[in-house]
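Let's go through some of the labels used for protein models and see how each one is earned. Have a look at the model first.

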Amino acid sequence: MTSPSGGSDDDGSPDAAPEEPGVLVCARCGARADAPQPTWTCSVENGVRQYICDACSRENLRAIEGRLDSAWW
């Protein structure tokens, strides 16, 4: 995977939420954490780094698993 020119994860788009140093905010529910959480998910979408809390990650995973054919189980 390659980074956009400039090598930054932040594309400077105006819809990106301003970040407070050391505070993570869930991109789905808005939950906040004061420090990195090992159970949170991090993804880069359209060049913007997003964090998803463990509750939202579990909910999304259950939705994905629910759509799998029984042969996958």
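Q: What makes C26, C29, A31 and W40 contacts of C53?
A: Contact means heavy atoms within 4.5 Å. Leaving aside neighbours within four places in sequence, C53 meets that rule with C26, C29, A31 and W40. This is a predicted model, where local features need pLDDT of at least 70, side-chain atom pairs count only at pLDDT 80 or more, and totals for chains, interfaces and linings use all residues. Residues are numbered from 1 along each chain as its sequence is written, and side-chain values use heavy atoms, with hydrogens and water left out.

Q: Why is C53 called buried?
A: Buried means under 20% relative accessible area, exposed over 50%, and partly exposed in between (1.4 Å probe, protein chains only). C53 has a value of 4%, so it is buried.

Q: Why is C29 called partly exposed?
A: Its relative accessible area is 47%, so C29 falls in between the two cut-offs.

Q: How do you know that C53 forms no disulfide with C56?
A: A disulfide is a pair of cysteine sulfur atoms within 2.5 Å. The cysteine sulfur closest to that of C53 is in C56, and it lies 3.6 Å away, so it is too far for a bond.

Q: What about C29 and its closest cysteine sulfur?
A: That sulfur is in C26, at 3.7 Å, which is too far for a bond as well. By this rule, the count of disulfides is zero.

Q: What makes β3 and β4 a pair of strands?
A: Strands (E, at least two residues) and helices (H or I, at least four) are DSSP runs, numbered from the N terminus. Two strands pair if DSSP finds at least two bridges between them. Five bridges join β3 (residues 41–45) to β4 (residues 48–52), so they pair, and they run antiparallel. For instance, S43 has Q50 in β4 as its bridge partner. The hairpin has two residues between the strands, and N46 takes a positive phi near 55° there.

Q: Why is the pattern of the protein chain written β-β-β-β-α?
A: The chain has one helix and four strands, and that is the order read along the sequence. C53 is found in the loop between β4 and α1.

Q: How do you know which part to read with care?
A: Look at pLDDT, the predictor's confidence in each residue, from 0 to 100. Over residues 6–17 it stays under 50. Where pLDDT is low, the predicted coordinates should not be read in detail. For the protein chain, the mean is 78, and 70% of residues reach 70 or more.
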